[in-house]
Amino acid sequence: MNILGTSLRVCVGDLETAIGVYERLTGAEALRFRRGGVDVAAVGCFFLMSGPEKELSILRKITATIAVTDVDEAHADLQAVGAEIIAGPVATPIGRNLVARHPDGAVFEYVDRKST
């Protein structure tokens with residue numbers, strides 16, 4: 001698997017205020033999208049998320065988002081090391097993703113920019 005980078009997940013109460021802070025800190029402009037009932041802003045290496053607590057409580061369980069070249073390759077490698085695939089692979093607004101629990105219990109989202 002080719003890992004391209006990692007994004008940190010930050011759940012916020014006020015997305016608009018948080019976007020201003022993180023744009024200033026990173027020098028990057030926010031890319032906004034909605035996933036289910038959650039509003040998301042990708043700013044530099046941060047995913048800012050705001051929405052209903054029920055949905056955020058699930059998202060908080062994911063340690064980080066890892067960008068990879070190919071989710072299918074990541075899927076095969078994760079299975080080879082004994083990871084549990086919790087969700088996916090599925091299409092997202094920007095590519096495909098899957099969520100996996102590593103053998104040590106850590107949960108990560110893996111994403112690529114490929115369309116299905």
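## Exercises on a predicted model

Cys45 has 36% relative accessibility and counts as partly exposed. The model used in these exercises is predicted.

**Exercise 1. Cysteines**

Find how many disulfides the whole structure holds, and work out why Cys45 has no bond to Cys11.

*Solution.*
- Step 1. Search the whole structure: the count of disulfides is zero.
- Step 2. Check Cys11. It is in no disulfide, and its nearest cysteine sulfur, in Cys45, lies 15 Å away.
- Step 3. Apply the cut-off: a disulfide needs two cysteine sulfur atoms within 2.5 Å.
- Step 4. Conclude. The closest cysteine sulfur to that of Cys45 is in Cys11, and the 15 Å between them is too far for a bond.
- Step 5. Add the surface state. Cys11 has 24% relative accessibility, so it counts as partly exposed. Cys45, at 36%, is partly exposed too.

**Exercise 2. Fold and overall dimensions**

Count the helices and strands, give their order, and compare the radius of gyration with the globule rule.

*Solution.*
- Step 1. Count the elements: three helices and eight strands.
- Step 2. Read along the sequence. The pattern is β-α-β-β-β-α-β-α-β-β-β.
- Step 3. Compare. The radius of gyration is 14 Å, and the globule rule gives 13 Å for 116 residues. The two values are close, so the chain is as compact as a globular protein of that length.
- Step 4. Box the C-alpha atoms along the principal axes: roughly 40 × 30 × 25 Å.
- Step 5. Take the contacts between residues at least 6 apart in sequence. Of these, 47% join residues at least 24 apart.

**Exercise 3. Surface and charge**

State the buried share of the chain, its exposed area and its charged side chains.

*Solution.*
- Step 1. Buried residues are 39% of the 116.
- Step 2. The chain exposes about 6,500 Å², and carbon and sulfur atoms supply 54% of that area.
- Step 3. There are 12 positive and 15 negative side chains. The centres of the two sets are 4 Å apart.

**Exercise 4. A cis peptide and a buried asparagine**

Locate the cis peptide bond between Gly88 and Pro89, then describe the surroundings of Asn97.

*Solution.*
- Step 1. Gly88 and Pro89 are joined by a cis peptide bond, with omega about 0 degrees.
- Step 2. Pro89 belongs to strand β6, residues 84–92.
- Step 3. Asn97 sits in strand β7, residues 95–101.
- Step 4. Buried means under 20% relative accessible area. Asn97 has 6%, so it is buried.
- Step 5. Leave out residues up to four places away in sequence. Asn97 then touches, among others, Gly88 and Pro89. Its contacts also include Arg35, Val71, Glu109 and Tyr110.
- Step 6. Asp70 is 27 residues from Asn97 along the chain, and their C-alpha atoms are separated by 9.4 Å.

Definitions and conventions
Residues are numbered from 1 along each chain as its sequence is written. This is a predicted model: local features need pLDDT of at least 70, side-chain atom pairs count only at pLDDT 80 or more; totals for chains, interfaces and linings use all residues. Side-chain values use heavy atoms; hydrogens and water are left out. Buried means under 20% relative accessible area, exposed over 50%, partly exposed in between (1.4 Å probe, protein chains only). Helices (H or I, at least four residues) and strands (E, at least two) are DSSP runs, numbered from the N terminus. The radius of gyration is taken over C-alpha atoms; the globule rule is 2.2 Å times the number of residues to the power 0.38. Contact means heavy atoms within 4.5 Å. Accessible areas come from the Shrake-Rupley method with a 1.4 Å probe; for residues, only the protein chains shown count as cover. Lys and Arg count as positive and Asp and Glu as negative; His and the chain ends are not counted. The place of a charge is taken as NZ of Lys, CZ of Arg, CG of Asp or CD of Glu.
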